Amino acid sequence: MWRFIGFRVLQSIPVLLVVITVTFFLVRIAPGGPFSGEKAVIPEVKAALEAQYRLNLPMFEQYTAYLGDLARGDLGPSFKYPGRSVNELIAAGFPVTAELGLYALLVAIGIGAIAGVIAALRPNTAQDYVPMSVAMIGICVPSLLMGPILILVFGIYLEWLPVSGWGDMPGDKILPAITLGSTYAAYIARLSRAGMLEVMSQDYIRTARAKGLPEWRVVTGHALRGGMIPVVAFLGPAFAGLLSGSFVVETIFQIPGLGRFYVQAAFNRDYTMILGATVFLATLIVVFNLLSDILAAWMNPRLRSQFGD
Amino acid sequence: MNTSTITDISEAEQGTSLWRDAWLRLRRNRLAVFGLAVLLVFVIIAILTPWIAPYGYAQQQLAVGATPPSAAHWLGTDIFGRDLLTQIMYGGRVSLAVGFIATAVALVIGITWGAVAGYVGGKVDAVMMRLVDILYALPFMIFIVLLMVVFGRNMLLLFLAIGAVEWLTMARIMRSQVQTLRQQEFVEAAISLGLSPATIIRRHLVPNALGPIIVYTTLTIPSVMLLEAFLSFLGLGVQPPQTSWGLLISYGAETMEEYPWLLLYPGLALILTLFSLNFLGDGLRDALDVRSAKD
């Protein structure tokens, strides 16, 4: 197990380096400097600004200096909001995005896994078809449509829930969480159904039944652990999807999270913010892929044994 | 899902080719046939739009303003008095074009990459597939946003950027196909005849791996179209004066309280297309008996 973890951790390092390098040079070769255009800047001021953002140095020195800053956890100052650092902007936005993502994940796993298991218990009956058809709808209705539809129905016509904001009114976190989580609930329902179907035909399930265990004990005590492996392996990619999905959901519901900052930074051409946020998000995604792989390996002894323990 | 294989035996006795057999099985899957029909209709409409659209693309009637569906405007008009049906038809051209072209880009890269890795094998294979592993771990959505910001929002780049991130799974599928096929006698025969590797890959390996390629292509198009809608919704994809379903949905969402039809119909067009592609993809996977192409 430790060898597997060590191997995967080592594998993540080049990934992160590639992300940082590619993002850094992409942003640097972007047309239009941060101070060009808007208004004429006095040469001395421009020079001072360029020195502050290290734009006066050769490209490669900028790169190594940035890597040095990163190693200390410093993402640099923002182009757009002078006096605020990228770290501060991320610190302001990320807790909101993380909370939204957590609720969405709970929605996705809660609804998805239950629907998938229920469907797998009686395959090819109404108990299977109904949840799986709903899942197909969940996959085909993207969040950019689901959000407005939910707002229209529950916010405007029924007036049950607030339609924007975050933590300003009771219940304003419900619609964003459902919007973000619905697609993943659908995928998890399909994955857990497939996983459960596979496990339920295994010998050890027959053994458990032969011992005379009640069916619910067979499912909860024996089948679930194996049946959920595909779901756990999906959590890493799902996490990446939730983060980028938060771009749309935070825009729809006007939530002051990292996703909305990122889109605004993209419009403002706030290059240091884009660079810093990309590195931050990429690191998170790589770490979560790692955790999800380790968890899946821990649940699946066959995968563990490939690494000799 | 599709349990009709056994009934095909009588036809197989008369010599049914793989493709005919697959077509017969696909035809029994109603949802897949429905998906195929919807797609064909949408594609034909998209091609003919400049001739059959009820109004001109840029034709505004500011005095009319936003009106609900009526006899003159089947799907209503937007706040500038533009005919929504016309907008959706032109938007569909863009959305479908992005779906097909970006998927084609992904196909070409993925098939070439996977076929070369699988055929050459050894260290080349190890390096090429390790690169795919690394790329898999990258947060691509964020990278596309980054690309659109850095290089401006133009259509060609949108095609290339989306295509360039969607090829990874295709490469993996192609590699495993080629690895299996390489062991077969007809490939050894081709090698001993002195055919070049490029010819063998083109003439013998790719045609024999068409099943999984077709299935995966059908399932890639909806994810590509979603990506386009996502970017356009954020204002980072297709730019006015051009339009796409994603862009129409984003405008519709802004005014949905007063004019819900502006959100409803572009949304329906997108959902119907995504449904059709997913049903067709699932149907093809069963019909061609391809495993592990998805999930």
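This passage walks through a predicted model with chains A and B, from the build of chain A to the helices of chain B.

Chain A is a good place to start. Its secondary structure amounts to 13 helices and zero strands, so the order of elements from the N terminus is simply one α after another. Measured out along the principal axes, the C-alpha atoms of chain A occupy a box of roughly 85 × 60 × 30 Å. Of the 309 residues in this chain, 38% are buried. Among contacts in chain A with a separation of 6 or more, 75% join residues that are 24 or more positions apart.

The two chains meet through 37 residues of chain A and 29 residues of chain B. On the chain A side, at least two residues each are supplied by α1 (2-28), α5 (126-140), α6 (143-157), α7 (174-200), α10 (229-252), α11 (258-268) and α12 (271-299). This side of chain A comprises 30 nonpolar, five polar and two charged residues.

Turning to the interior, the largest nonpolar core holds 158 residues, and A:I188, B:I144 and B:I249 have the most contacts inside it. Helix α4 (residues 86-121) of chain A gives this core its largest share, 15 residues. The surroundings of A:I188 can be listed in full: leaving aside residues up to four places away in sequence, A:I188 touches A:A108, A:I109, A:G112, A:A113, A:G116, A:V231 and A:F234.

In chain B, helix α4 (residues 84-120) deserves a closer look. This helix has 37 residues and spans 53 Å from its first C-alpha to its last, close to the 54 Å expected at 1.5 Å a residue. Because 26 of its 37 residues are buried, α4(B) is largely enclosed by the rest of the structure. Just after α4(B) comes B:G121, which has a positive phi, near 70 degrees.

The next helix, α5(B), packs against α4(B): the two axes come within 7 Å and cross at roughly 145 degrees, and the crossing is left-handed. Here B:W113, B:A117, B:G118 and B:V120 of α4(B) meet B:G122, B:V124, B:D125, B:M128 and B:M129 of α5(B). Sorted by type, the residues of this contact are six nonpolar, two polar and one charged.

Helix α5 (residues 122-136) of chain B also meets helix α8 (residues 168-182) of chain B, with axes that come within 10 Å and cross at roughly 150 degrees. This crossing, too, is left-handed. On the α5(B) side the contact involves B:M129, B:V132, B:L135 and B:Y136, and on the α8(B) side B:L168, B:A171, B:R172 and B:R175. Six of these residues are nonpolar, none is polar and two are charged. B:M129 thus takes part in the contact with α4(B) as well as in the one with α8(B).

A final stop is B:A66, which sits in the loop between α3 (30-52) and α4 of chain B. With 17 C-beta neighbours inside 10 Å, B:A66 counts as partly exposed, since a residue needs 20 or more to be buried. Beyond residues up to four places away in sequence, B:A66 touches B:T77, B:D78, B:I79 and B:Y259. By contrast, B:T217 lies 39 Å from B:A66, C-alpha to C-alpha, at a sequence separation of 151 residues.

Definitions and conventions. Residues are numbered from 1 along each chain as its sequence is written. Chains are lettered from A and ligands numbered from 1 in the order in which they are written. This is a predicted model: local features need pLDDT of at least 70, side-chain atom pairs count only at pLDDT 80 or more; totals for chains, interfaces and linings use all residues. Two residues are in contact if their C-beta atoms, placed from the backbone, lie within 7 Å. Helices (H or I, at least four residues) and strands (E, at least two) are DSSP runs, numbered from the N terminus. Ala, Val, Leu, Ile, Met, Phe, Trp, Tyr, Cys and Pro count as nonpolar, Asp, Glu, Lys and Arg as charged, and the others, Gly among them, as polar. The expected span of a helix is 1.5 Å times one less than its number of residues. A residue is buried if 20 or more other C-beta atoms lie within 10 Å of its own, exposed if 12 or fewer, and partly exposed in between; C-beta atoms are placed from the backbone. Axes are lines fitted to C-alpha atoms, for helices over the stretch in contact, and angles run from 0 to 180 degrees between N-to-C directions. A crossing is left-handed if the near helix is turned anticlockwise from the far one by less than a right angle, and right-handed if clockwise. A nonpolar core is a set of buried Ala, Val, Leu, Ile, Met, Phe, Trp, Tyr and Cys residues joined through C-beta atoms within 7 Å.
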